[in-house]
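Welcome, and please have your viewer ready with the selection panel open. We will move from one selection to the next and look at what sits there.

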Amino acid sequence: MCKPEMPPRRSELWERNMGKTAAVEKFKGAIMPRSRMKMWMIRATTTVLLWTCLVQLTALRELWGPRVFKAWPSCFTPSDPVGIFESSSIVARKIVLPPKRIYKNNGYLIVSCNGGLNQMRAAICDMAAIARYLNVTLIVPELDKTSFWNDPSEFEDIFDVDHFITSLRDEVRILKELPPRLKLRVELGLYYSMPPISWSDLSYYKNQQILPLIQKHKILHLNRTDARLANNGLPAKIQKLRCRVNYSALRFTPQIEELGRRVISLLQRNGPFLVLHLRYEMDMLAFSGCTHGCTDGEVNELTRMRYAYPWWKEKIINSSLKRKDGLCPLTPEETALVLKALDIDGSTTIYIAAGEIYGGSRRMAALNAAYPNVVRKETLLEPSDLRFFQNHSSQMAALDYLVSLESDIFVPTYDGNMAKVVEGHRRYLGYRKTFLLDRKLLVELIDRYNNGSMDWNEFSTSVKATHANRTGKPGRRSLVPDHPKEEDYFYANPEECLPSLQ
């Protein structure tokens, strides 16, 4: 017989329930750590992602600060509302452009500059002013790549091309290249090319020759641009536009400007410095025929070089006669005597703004002995700093130009294009001291001192007296009617742009 099943006792029911509860609790205990772990992982991952984004934004702020993030307050620096507003206003000033000048376009002007950097610089100023006067569109000028220097640099490698275009938009329309249809015409050779006449006035450009050709052919190419606009007899607004292009629109690239500032800073650490534009490179001596102090072998080498370049017209040159007429650059030895006579202290840092000096250490010995602190950009900077400037003489010259502007004293030993353009720029910046050497008189004084007919005190007194009023002070340009090459160069003394002479 089957026993009837007895109902469970209360104690047994309690034990069973407790067992189930324990099992549930055990199950929950197994699940809860996993959930907490999952939440912790999510929070940790989110925190890492947020910090990564913040670090990236900070890096972008440092990289793009001048362009995008300049006005953003940093999480890592104290809030500075004044600084923020100043930064914002700077950005605003940078993007404000002058209004475009609206005019009927008479055609397109293409220009190919020739010569070294400063010869081309002056030509660009002239061509921009001419384009404005003729109401034509100027194509960004092409730089010389076939001259002695053989520099392959394009306009945008030396100058800030966008600034050049936009800063002049209220005067003249400038394009980086011709519109496609006209560009094809040029590629097919369907355009007119010519060199304008040197030292021409505005009537030549507007009435006699240039504008009629532009209107006829739509495109005109000027294949030589050095000294093609007169120094004098031009409207004041044209002269002032030449200055505006030179001193405002023609800005070097940021890379050149930055390296120039670094050189200037290094020089200023030792106090006031002098820039010596020692124009005693091989090309200058070969071109000018000036061989004073050279060996017979060097004279022969320079003569061969002069005959090798057909565009150097003068071949037979009397060096001694040319030197006595003051038409030769001073030698390094002569320069040392002149600086000492002008009471330039022997401890002064002298920066050589020039290429390689012909004759090397032999010719520089006297100058180095008198002034031990003679430096060059190559000695101040690391080779890596100049790596991208090598074989680009115009970019190297741009560095020298910037340093020359900021020097306490500028001394050119020859009145070439750089000497003249820097002289005028220093006048524009407030008549900074520039010794304009009277080479004809100096050669006479130096020869007398060297042959013993004049003692040092007399020599020094004469040099100082001669140059007392030759330091780049305010003055009028000399005018020589019908002989523009003999009168003062506009860019050496742009008096129409200098407030004190208005």
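Before the first stop, one cut-off: a residue is called buried when its relative accessible area is under 20%, exposed when it is over 50%, and partly exposed in between. Keep in mind that this is a predicted model.

**Stop 1: strand 9**

Select residues 409–412, which make up strand 9. Which of its side chains are buried? I409 and V411 on one side are buried, and so are F410 and P412 on the other, leaving both faces of the strand covered.

Now add strand 6, residues 273–277. The two strands run parallel and are joined by four bridges; H277, for example, has P412 as its bridge partner in strand 9.

**Stop 2: the rest of the sheet**

Bring in strand 7, residues 349–352, which also runs parallel to strand 6 and is joined to it by four bridges. Here L274 is partnered with I350 of strand 7. Zoom out and you have an open, parallel sheet of four strands in the order 8-7-6-9. Its edges are strand 8 (374–375) and strand 9, each pairing on one side only.

**Stop 3: the nonpolar cores**

Next, select L109, F155, F164, I210, V245 and F252. In the largest nonpolar core, which has 79 residues, these touch the most other members. Helix 3 supplies the largest share of this core, with 12 residues. Centre on F155: beyond its neighbours within four places in sequence, F155 is in contact with I124, V140, P141, L143, V161, F164 and L250. Apart from this core lies another, of 37 residues, including L274, L278, L330 and A341.

**Stop 4: a buried threonine**

Pick T331, in the loop between helix 13 (319–324) and helix 14 (332–341). Is T331 buried or exposed? T331 counts as buried because its relative accessibility is 3%. Setting aside neighbours within four places in sequence, its contacts are Y280, H292 and R363.

**Stop 5: salt bridges**

The structure holds 27 salt bridges, and a few are worth a visit.

- Show R279 and E281: their closest N and O atoms are 2.5 Å apart, and both residues are buried.
- Show R362 and E298, whose side chains meet at 2.9 Å, N to O. This pair links helix 15 (residues 360–370) with helix 12 (residues 296–308), across 64 residues. R362 is partly exposed at 42% relative accessible area, whereas E298 is buried at 14%.
- Show R439 and D415, which meet at 3.2 Å, N to O. R439 lies in helix 19 (residues 439–450) and D415 in the loop between strand 9 and helix 18 (417–428), so the salt bridge ties together parts 24 residues apart in sequence. R439 is buried at 9% relative accessibility, while D415 is partly exposed at 38%.
- Finally, select R132, D170, E171 and R244, which are joined into one network by salt bridges that share partners.

**Stop 6: the surface and two backbone angles**

Turn to L184, L188 and L190, a nonpolar surface patch with about 310 Å² of accessible area together. L188 sits in the loop between helix 6 (180–187) and strand 4 (192–194) and is exposed, at 58% relative accessibility.

Last, check two phi values. N135 is not a glycine, yet its phi is positive, about 55 degrees; look for N135 in the loop between helix 3 (117–134) and strand 2 (137–139). D482, also a residue other than glycine, has a positive phi near 70 degrees. D482 lies in the segment after helix 20 (456–466) and is exposed at 74% relative accessibility.

Methods:
Residues are numbered from 1 along each chain as its sequence is written. This is a predicted model: local features need pLDDT of at least 70, side-chain atom pairs count only at pLDDT 80 or more; totals for chains, interfaces and linings use all residues. Side-chain values use heavy atoms; hydrogens and water are left out. Patches are made of residues with over 30% relative accessible area and no salt bridge: like charges are joined within 9 Å, nonpolar side chains (Val, Leu, Ile, Met, Phe, Trp, Tyr) within 5 Å. Accessible areas come from the Shrake-Rupley method with a 1.4 Å probe; for residues, only the protein chains shown count as cover. A salt bridge is a side-chain nitrogen of Lys or Arg within 4 Å of a carboxyl oxygen of Asp or Glu. Buried means under 20% relative accessible area, exposed over 50%, partly exposed in between (1.4 Å probe, protein chains only). Two strands pair if DSSP finds at least two bridges between them. A nonpolar core is a set of buried Ala, Val, Leu, Ile, Met, Phe, Trp, Tyr and Cys residues joined through side-chain atoms within 4.5 Å. Contact means heavy atoms within 4.5 Å.
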